[in-house]
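Got the viewer open? Here is a walk through the model, one selection at a time.

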Amino acid sequence: MTEGVVIREKKGLYSVAADGRTVPCHAGSRIRKGGFRLLAGDRVEIELNSDGSGFITALLPRVNSLARPLVANIDLFVIVAAAASPAPYPYNIDKLTAMAAKRGIETAIAVNKCDVGDPEPLCAVYGLAGYRCFRVCAATGEGVGELAAYLKGKTAVFAGASGVGKSSLLNALFSGCDLQTGELSRRTERGKNTTRHTEFFAVGDGTYIADTPGFTSFDEENLGIDGKGELFSCFPEFEPFFGKCRWRGCTHTKEEGCAITEAVRGGKIAASRHESYVRLYGALAEISRRR
Ligand SMILES: Nc1nc2c(ncn2[C@@H]2O[C@H](COP(=O)(O)OP(=O)(O)OP(=O)(O)O)[C@@H](O)[C@H]2O)c(=O)[nH]1
Ligand SMILES: [Mg+2]
Ligand SMILES: [Zn+2]
């Protein structure tokens, strides 16, 4: 019996890092019959066969997991955005920050493509919200060392829209990665979903980084946030204003005397973050109505 970490799943075949190598594994019958879905990042027990392959016999307890991307046991969620090409779309970034906040997973923002755009507007918004921001450029290597130092020893996941440069950034950070990267579509200025699978890379010093497929959009149903009432606590910068609104039961969307909307007016909360909150609030309310 050996313990390992699932680093990749593809069509029912798992790659498990164990004993310093990668073992191709099938799920044993107990896992298959138990209906467990194994995720990249899951810690498992495996039995080794004589031909070097293995069987996954048990799933060890998860510390945490995310639905989008599907990963388990992560220390750090890195949302990659591009300063330009494609233009950042705050609502999608904020859905990701809220999803990770709900699970108590530390989140950082990496603003890539500093050679073709100005990272400061995004860093201002997310810095104000308390997120650690990195200005990076996969093309020139600028800022990459600082991010690498922060990742050291952690199990981290890169997520974000297609074409922002997640795979390029991994290649720039860790020379052994050699991941495929893709052009943007000339017509839509979006990425072409070059990365198809979530996969962790062991990059040394106990550091594991997952590259994940980008997305163009994803719906609010997959965030793992159970209703609009939970949303306030998914925006960490709202916290200091908790309980300070004029009305009990304030939804913080439009009420007079709302401490959150006042903080937006006073420049203490970014307007785009509050707009995302309001939009998500409406979407979650709509989902509850339909259920
Ligand atoms: N100018 C510039 N282009 C970059 C930079 N980083 C990545 N790119 C380009 O952006 C395009 C998309 O990069 P990828 O690394 O494939 O993006 P991705 O986020 O992995 O995309 P998906 O796998 O589709 O989710 C490629 O043409 C890269 O060469 C950068 O720092 N500056
Ligand atoms: Mg990619
Ligand atoms: Zn309020």
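Start where two domains touch: 12 residues of domain 2 are in contact with 13 residues of domain 3. Which elements supply at least two residues each on the domain 2 side? Select α2 and α3 (120-128) and you have them. Of these, α2 gives the most to that side, with eight residues. Color the domain 2 side by class and you should get eight nonpolar, one polar and three charged residues. Bear in mind while you click around that this is a predicted model.

To see the whole layout, color by the domain assignment: domain 1 covers 2-59, domain 2 covers 65-211 and domain 3 covers 225-290. Drop a centroid on the C-alpha atoms of domain 2 and another on those of domain 3, and the two centres come out 26 Å apart.

Next, hide everything but two helices, α2 (residues 90-102) and α7 (residues 271-290). At what angle do they pack? It is about 75°, and their axes are 9 Å apart. An angle from 65 to 115 degrees counts as roughly perpendicular, so that is how α2 sits relative to α7.

Now show side chains at this crossing. From α2, pick Pro90, Tyr91, Asp94, Lys95 and Ala98. They meet Ser272, Arg273, Ser276, Arg279 and Leu280 in α7. By class, this contact of α2 with α7 has four nonpolar, two polar and four charged residues.

While α2 is still on screen, step back into the loop between β8 (76-82) and α2, which is where Pro86 sits. Check the peptide bond from Ser85 to Pro86: it is cis, with omega near 0°. There is a cis bond to look at between Arg68 and Pro69 as well, with omega about -5°. To find Pro69, go to the loop between β6 (65-67) and β7 (70-72).

Time for the ligand. Center on ligand 1 and bring up its shell, which holds 25 residues. The closest are Gly165, Ser168, Thr181, Thr195 and Gly214. Which helix makes the largest share of the shell? That is α5 (residues 166-173), with three residues. Color the shell by class and it divides into seven nonpolar, 13 polar and five charged residues.

From α5, follow the chain into the loop between α5 and β12 (199-202), and stop at Asp178. If you keep a Ramachandran plot open, look for its phi near 55°, a positive value in a residue other than glycine.

Last stop: strand β1 (residues 2-10). How does β1 pair with strand β2 (residues 13-18)? The two run in the antiparallel sense, over five bridges. Select Lys10 and you will find Leu13 in β2 standing opposite. The hairpin of β1 and β2 has two residues between the strands, and Lys11 there takes a positive phi near 50°.

Then bring in strand β4 (residues 43-48), which also pairs with β1 in the antiparallel sense, over four bridges. To line up these two strands, select Thr2, which stands opposite Ile46 in β4. As you toggle side chains along strands, remember that in a regular strand they alternate between the two faces of the sheet.

Definitions and conventions. Residues numbered from 1 in each chain as written. Chains lettered and ligands numbered in written order. Predicted model: local features only at pLDDT ≥ 70, side-chain atom pairs only at ≥ 80, totals over all residues. Axes fitted to C-alpha atoms, helices over the stretch in contact; angles between N-to-C directions. Parallel < 35°, antiparallel > 145°, perpendicular 65-115°, else oblique. Contact = placed C-beta atoms within 7 Å. Nonpolar A, V, L, I, M, F, W, Y, C, P; charged D, E, K, R; others polar. Domains from an automatic or database assignment. Near = placed C-beta within 6 Å. Pairing = 2+ DSSP bridges.
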